[in-house]
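Reader: I should like to learn how the features of a protein model are read. May we take them one at a time, with the structure before us?

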Amino acid sequence: MSRKGVESPMDADVAVVGYGPVGMSTAALLAAGGHRVVVLERYPGLYSLPRAAIFDDETMRTFARLGIAERLLPKLHVQRNYEWRNGAGDLLIDVEYAERGRSGWAEWYMMYQPDLEDALHEVCSESSLVDVRLGHAVTGIAEDRDGVELTLDGAAPVRARYVVACDGGNSFVRQALDIGQFDYGFSEPWLVCDFRFRREVFVPPALQVGDPRQPVSIISLGPDHHRFSFMLDSAEDFATERQPDRVWRRVAKYLSPDDAELIRPATYTFRSLIADHWRLGRVLLAGDAAHQMPPFLGQGMCSGVRDAQNLAFKLDLVLTGRAGDELLDTYQTEREPHVRAVTEKGIELGQVQTLRDPAAAAERDRRLLAQRAASQAPEKIRFPGLGPGFHANGPGHGELSPQGVVGEGARRGLLDEVIGGGFHLLTTETDVADLSVADVRVAVLSRTPGAGLLHDVDGTYHDWLAGLGCTAALVRPDFYVYGTGTARELVAAFHENLETTTVSV
């Protein structure tokens, strides 16, 4: 730790602890903003086995911004529905996913996580602003008035102005800071078995089986891999159940050793935990370090990438002196309500699937089958917007913005591809030529191509703004709506909020 009152040199603007997808995304986004990042990962190499299996269109929008979407697409499986069946095979719940969601990409991608990590690692490795240090375990953390010093095992300490801890559910940083956790009490041991296909074979791509004798989850991990998960009666059963011959007996209905290679059996205890504090001074928690949720919605990694986006643009504003660091207090107030809603819905679905009492399961089946008989439309799962924080008023504020196809001159594509990242002021008003906002791209939308205008090719933005009853929307770099109204009202509100960085509702 530096001597009190004496400023010592910084190794980086931000130190990121942990180098999974959330840490990688955080580092890459910060570097894209021009900030020096040092990443500290305790393992000597990338983790070469899958954990997460699914991500959504909002997450893909982030990956597109980082330049890896097209590289990933051939390695992904796009899934259009998610089935929940009982032990007899009756369809209880059918969740529908769109081929093109609100964020402009398919709503549900299934992946083999090492492919994603290879792509994100390449982005970080190619940036001169990211210093990735593998095999560097953090053993101590201390904050002074200027920054944070991280003590490392067998290496010199690292100093940074801020620290983002992305070091997982067993986060050293969270424990070292003695941050407690809220426990929803939903904790289950599962045997998770991953396979690599040897040949083409049909296996259900997205199926939850609510059989009280043996709850099972079957999930695609992209074109070449698949995952079977089996609920265990006790974590002590893993030593026996992980034996290959027992695993193959479990999956015999779907796979044989001729069809696939068993990559590994692992045990996971699905937990539902949320840290009491996501920020202590200059240290912030993200991803599983801040929150853990059951996997039934496939939103664990997605939630961590949302954290990364939220933190990256706010740290950028703070590090460049455009906002005070009290802005960082809005990170938890905005993100926690969303995380809690997703966690609680995941628990609800998990409880539907994992009933072990036959009578209770039969009653569940009667209720859900009756619901389906009354309405055959596939179900949609909607997530809330932001909680109170760095956004203004107006209909739609704090919600995820849509992404449509736009044109600028001869160029046509999704909005992010055409006009880039950062803050966007999107408006249908044509009298804003004199409107200039520092660090905000002002885009005048037109239903037809025109000089100096942004062509709203498919009408996404005109329809959206008309539905909100306004003529302009200011969209933040994390894709969430800062506010809606008229263009000049939004500019005034944005400047005022940046000056005060107060929490608004």
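Reader: Let us begin with a single residue: is Phe 479 buried or exposed?

Author: This is a predicted model, and every value in our discussion is computed from it. Burial is read from relative accessible area, and a residue under 20% counts as buried. Phe 479 has a relative accessible area of 1%, so it is buried.

Reader: Where in the chain does Phe 479 lie?

Author: Phe 479 belongs to the loop between strand E27 (472-475) and strand E28 (481-485). Its backbone also deserves attention: phi of Phe 479 is near 80°, a positive value in a residue other than glycine.

Reader: Which other residue that is not a glycine has a positive phi?

Author: Asp 178 is one, with a phi of about 55°. This residue sits in the loop between helix H5 (172-176) and strand E12 (181-183). Asp 178 has 70% relative accessibility and therefore counts as exposed, whereas Phe 479 is buried. A glycine with positive phi can be found as well: Gly 469, which follows helix H12, has a value near 75°.

Reader: Which residues of H12 are buried?

Author: In H12, which spans residues 460-468, the buried residues are Thr 460, Tyr 461, His 462, Trp 464, Leu 465 and Leu 468.

Reader: How does one find empty space inside a model?

Author: Rolling a probe the size of a water molecule over the atoms shows where empty space is left. Here, a search of the whole structure finds one cavity of 30 Å³ or more. The largest cavity holds about 40 Å³ of space.

Reader: Which residues line the largest cavity?

Author: Its lining consists of Glu 58, Thr 62, Val 305, Arg 306, Gln 309, Asp 478, Phe 479 and Tyr 480. Phe 479, with which we began, is thus part of this lining. Two elements each give two or more residues to the lining, namely helix H2 (57-65) and helix H8 (300-319). The largest share, three residues, comes from H8. By character, the lining residues divide into three nonpolar, two polar and three charged.

Reader: What can be read from the buried residues of a helix?

Author: An α-helix has 3.6 residues a turn, so residues three or four places apart point the same way. Helix H7 (residues 244-251) provides a case, with Val 247, Trp 248 and Val 251 buried. Seen down the axis of H7, these residues fall within an arc of 95°, so they line one face of the helix.

Reader: Against which elements do the buried residues of H7 pack?

Author: They pack against strand E13 (188-197), strand E16 (225-231), helix H6 (238-241) and strand E17 (260-270). In the loop between H6 and H7 lies Gln 243. At 36% relative accessibility, Gln 243 counts as partly exposed.

Reader: How should one read a polar side chain that is buried?

Author: One may look for its polar contacts. Gln 299 is in the loop between E21 and H8, and counts as buried because its relative accessibility is 6%. A polar contact of 3.1 Å joins its side chain to that of Asp 56. Gln 299 also touches, among others, Met 293, Arg 306, Val 342 and Phe 383. Arg 306 has already appeared in the lining of the largest cavity.

Reader: With which side chain does that of Asp 144 make a polar contact?

Author: The partner is the side chain of Arg 159, at 3.0 Å. Asp 144 lies in the loop between strand E9 (138-143) and strand E10 (148-152). With 12% relative accessibility, Asp 144 counts as buried.

Reader: May we compare two further loop residues, beginning with Ala 290? Where is Ala 290 placed?

Author: Ala 290 is in the loop between strand E20 (283-285) and strand E21 (291-292). Its relative accessibility is 0%, so Ala 290 counts as buried. Leaving aside residues up to four places away in sequence, Ala 290 touches Leu 273, Ile 274, Ala 275, Trp 278 and Leu 285. By contrast, Gly 154, in the loop between E10 and strand E11 (155-165), is exposed, with a relative accessible area of 81%.

Reader: How far apart in space are Gly 154 and Leu 297?

Author: From C-alpha to C-alpha, Gly 154 and Leu 297 are 40 Å apart, and 143 residues separate them in sequence.

Conventions:
Residues numbered from 1 in each chain as written. Heavy atoms only, no water. 1 Å grid on protein atoms, 1.4 Å probe; cavity = no way out; pocket = protein on both sides within 12 Å on 5 of 7 lines; lining within 4 Å. Points joined across faces, edges and corners; volume = space filled by probe spheres on them. Helix = DSSP H or I, 4+ residues; strand = E, 2+ residues; numbered from the N terminus. Nonpolar A, V, L, I, M, F, W, Y, C, P; charged D, E, K, R; others polar. Buried < 20%, exposed > 50% of the residue type's maximum accessible area, 1.4 Å probe, protein only. Arc of directions from axis to C-beta. Contact = heavy atoms within 4.5 Å. Polar contact = N/O pair within 3.5 Å; in protein donor to acceptor, adjacent residues only side chain to side chain.
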